[in-house]
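Me: I am new to reading protein structures, and I would like to go through this one with you step by step. Please start with any term I will need.

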Amino acid sequence: MIHQAGDKVSPKSLRLRGHVRFGYDTRMNWLVTLSLLCVMLITGCRVSDVRTHVVRVPEMARQEDAEQIRKALLPLNGLQREKTVFDLSQRKVTVTYDSMMIAHKNIEIAIAEAGFTANAIPAIRPAPPQ
């Protein structure tokens with residue numbers, strides 16, 4: 001029951017199960033506030049999510065191939081280019097990226113568009129002759 005202005009209200013009628021009633025349940029208000037705070041902390045605080053991904057590139061055998069892949073990765077936002085490692089002996093590229101800005105599949109597709117197989121994605125153009 002919500003009281004109107006001018007009603008005579010006793011302090012006893014304002015108490016409901018140990019807390020004061022102000023036209024809405026203050027416990028419910030507290031629970032809603034706490035729930036919203038938890039949701040904001042869980043979803044809103046994640047600004048970046050830095051990950052490392054290894055891309056197998058079987059056609060990468062020369063330094064020129066690594067440079068071509070490096071050029072293909074340049075336009076991608078979210079990559080930490082200074083941490084990109086080209087391992088010619090194992091034919092792998094290790095990239096560090098922010099998954100909030102780019103997905104690892106986008107990195108693999110960029111390498112495939114440069115003419116190299118990237119993990120399970122086949123080369124979109126043929127690789128340069130060796």
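Reply: Happy to help! A residue counts as buried when its relative accessible area is under 20%, as exposed when it is over 50%, and as partly exposed in between. Please keep in mind that the model is predicted.

Me: Let me try that out. Is aspartate 65 buried or exposed?

Reply: The relative accessibility of aspartate 65 is 1%. The limit for this class is under 20%. Since 1% falls below that limit, aspartate 65 counts as buried.

Me: Which residue forms a salt bridge with arginine 62?

Reply: Arginine 62 has a relative accessible area of 27%, so it is partly exposed. In its salt bridge, the closest N and O atoms are 3.2 Å apart, and the rule asks for a distance within 4 Å. The partner that meets this rule is the buried residue from your last question, namely aspartate 65.

Me: How far apart are the closest N and O atoms of glutamate 67 and arginine 70?

Reply: Both residues lie in helix H3 (residues 63–73), three residues apart, which is about one turn of the helix. Glutamate 67 is partly exposed at 32% relative accessibility, and arginine 70 is partly exposed at 33%. Their side chains form a salt bridge in which the closest N and O atoms lie at a distance of 3.5 Å.

Me: Aspartate 49 and arginine 51 also meet in a salt bridge. Which of them is buried?

Reply: The N to O distance in this pair is 2.8 Å. Arginine 51 has a relative accessible area of 41%, which makes it partly exposed. Its partner has 19%, and the limit is under 20%, so the buried residue is aspartate 49.

Me: And how many salt bridges are there by this rule?

Reply: Among them are the pair of aspartate 49 with arginine 51 and the pair of glutamate 67 with arginine 70. By the 4 Å rule, the count comes to four.

Me: Let us turn to the sheet. In what order do its three strands lie?

Reply: The sheet is open, and its strands pair in the antiparallel sense. Its edge strands are S3 (50–56) and S4 (85–87), each pairing on one side only. Neighbouring strands are turned by 20° against each other on average, direction ignored. With S3 and S4 at the edges, the order is S3-S5-S4.

Me: How many bridges join S3 to S5?

Reply: S3 and S5 (residues 92–98) run antiparallel. One of the paired positions is valine 54 with threonine 94, and another is arginine 56 with lysine 92. The number of bridges joining the two strands is seven.

Me: On the side of S4, which residue of S5 stands opposite aspartate 87?

Reply: S4 and S5 are also antiparallel, and they pair over three bridges. The residue you want is in S5, where it is the bridge partner of arginine 56 as well. The residue opposite aspartate 87 is lysine 92.

Me: How many of the seven residues of S5 are buried?

Reply: Helix H4 (residues 104–113) lies across S3 and S5, running at about 35° to S3. S5 is largely enclosed by the rest of the structure, because most of its residues fall in the buried class: of the seven, the number is five.

Me: Which residue takes a positive phi in the hairpin of S4 and S5?

Reply: The hairpin has four residues between its strands. The residue in question sits in this loop and is not a glycine, yet its phi is about 55°. At 35% relative accessibility it counts as partly exposed, and its name is arginine 91.

Me: Asparagine 119 has a positive phi too. Where is it found?

Reply: Its phi is near 55°, although it is a residue other than glycine. At 17% relative accessibility, asparagine 119 counts as buried. Its place is the segment after H4.

Me: One last thing: how much accessible area does the nonpolar surface patch have?

Reply: The patch is formed by Trp30, Leu31, Leu34, Leu37 and Met40. One of them, leucine 34, lies in helix H2 (residues 26–44) and is partly exposed at 37% relative accessibility. Together the five residues have an accessible area of about 520 Å².

Technical notes. Residues numbered from 1 in each chain as written. Predicted model: local features only at pLDDT ≥ 70, side-chain atom pairs only at ≥ 80, totals over all residues. Heavy atoms only, no water. Patch = residues over 30% accessible without salt bridge, like charges linked within 9 Å, V, L, I, M, F, W, Y side chains within 5 Å. Areas by Shrake-Rupley, 256 points an atom, 1.4 Å probe, with all protein chains shown as cover. Buried < 20%, exposed > 50% of the residue type's maximum accessible area, 1.4 Å probe, protein only. Pairing = 2+ DSSP bridges. Axes fitted to C-alpha atoms, helices over the stretch in contact; angles between N-to-C directions. Contact = heavy atoms within 4.5 Å.
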